[in-house]
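Please walk through this fold with the model open beside the text. The route goes from sheet to hairpins to helix, and ends with the whole chain.

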Amino acid sequence: MRIALGYCGIVVAVTLCGCGTAGSGPPGSGGAAPTGWKEYELDDGKFAVKMPGDPIAMPSRDASATKAWSVSAGNLSYTIRYTELPDPGAVSDQDKIDALYDDFANTLPITDGIDIEEVKKQINFGGVSGREIDGTIADKKSIRVRIGVVGGRFYRAEVTGAVEAVNSPDAEVFLNSLKIAR
């Protein structure tokens, strides 16, 4: 009888602390997303990303074929966008992709007013080798931008907010959730 009660006590303790629950673990670790988050399939299912609310399509800022979606929640702004590459054949040449990443990082201070603090090479972004760029913008907010090239498209995911927020588990959930249909 004591053994049976002991096992029941362990089961109750595990249940109450959430240990052993399927999908548990820190956000961004492959576990469940925080409450209120869900995965959105965008652009007719060509890619999916987890966001903390319904993404809103953003107007194009220039004459390029860029499409973008954004949502703000708490003290963060989340944006996912892509641009069709003029030379889709570039995706098969890693040197061209690396040059594209370098060009993008070098123009961010001009095009987006980002003061770059660090460029991380060789990160996983949507299942491909990408880059992460950390910096600050004019209003002293921090920004993390991840970029990657897949299937003739240049993808860009970014989180903007206070430095603590852009390095939070919520930011990780978003940045690590990109899935691209190939």
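Three strands make an open sheet in the order β1-β2-β10, and their pairing is antiparallel. Its edges are β1 (38-42) and β10 (179-180), each of which pairs on one side only. This is a predicted model. Look at the contact between β2 and β10. The two strands pair in the antiparallel sense, over two bridges. Phenylalanine 47 has isoleucine 180 of β10 as its bridge partner.

Now move to the run of strands β6 to β9. Start with β6 and β7. These strands run antiparallel and are joined by nine bridges. One registration point is glutamate 118, whose bridge partner in β7 is aspartate 134. The hairpin of β6 and β7 has two residues between the strands. In this hairpin glycine 126 takes a positive phi near 65°.

Next comes β7 with β8. Six bridges join this antiparallel pair. Aspartate 134 appears again here, standing opposite arginine 144 in β8. Aspartate 134 thus has glutamate 118 as a bridge partner and arginine 144 opposite it in β8. The hairpin of β7 and β8 has five residues between the strands. Lysine 140 takes a positive phi there, near 70°.

The third pairing is β8 with β9. It is antiparallel too, with nine bridges. Glycine 148 stands opposite tyrosine 155 in β9. Two residues lie between β8 and β9 in their hairpin. In that turn glycine 151 has a positive phi of about 55°.

How many of the residues of β8 are buried? Nine of its nine are, so the strand is mostly covered by the cut-off of under 20% relative accessible area. Both faces of β8 are covered. On one side the buried residues are Ser142, Arg144, Arg146, Gly148 and Val150. On the other they are Ile143, Val145, Ile147 and Val149. Arg144 is the residue that aspartate 134 faces, and Gly148 is the one opposite tyrosine 155.

Go back to β7 for one residue. Threonine 136 lies in this strand, which spans residues 128-136. Is threonine 136 buried or exposed? Its relative accessible area is 18%, and buried means under 20%, so threonine 136 counts as buried. What is it in contact with, neighbours within four places in sequence aside? The contacts of threonine 136 are Gly113, Ile114, Asp115, Glu117, Lys141, Ser142 and Ile143. Ser142 and Ile143 are themselves buried, on opposite faces of β8.

Turn to helix α4, residues 169-176. Its buried residues are Ala171, Val173, Phe174 and Leu175. What covers them? The cover includes the strands β2 (47-51), β5 (76-84), β6 (115-125), β8 (142-150) and β9 (153-161). Helix α3 (163-166) is also part of it. Strand β2, from the open sheet, thus helps cover the buried residues of α4, as does β8.

Finally, step back to the whole chain. It holds four helices and ten strands. From the N terminus on, the elements run α-β-β-β-β-β-α-β-β-β-β-α-α-β. The chain has 182 residues, and 39% of them count as buried. Consider contacts between residues at least 6 apart in sequence. Of these, 44% join residues at least 24 apart. The chain exposes about 10,100 Å², and carbon and sulfur atoms supply 56% of that area.

How values were computed. Residues are numbered from 1 along each chain as its sequence is written. This is a predicted model: local features need pLDDT of at least 70, side-chain atom pairs count only at pLDDT 80 or more; totals for chains, interfaces and linings use all residues. Side-chain values use heavy atoms; hydrogens and water are left out. Buried means under 20% relative accessible area, exposed over 50%, partly exposed in between (1.4 Å probe, protein chains only). Contact means heavy atoms within 4.5 Å. Two strands pair if DSSP finds at least two bridges between them. Accessible areas come from the Shrake-Rupley method with a 1.4 Å probe; for residues, only the protein chains shown count as cover.
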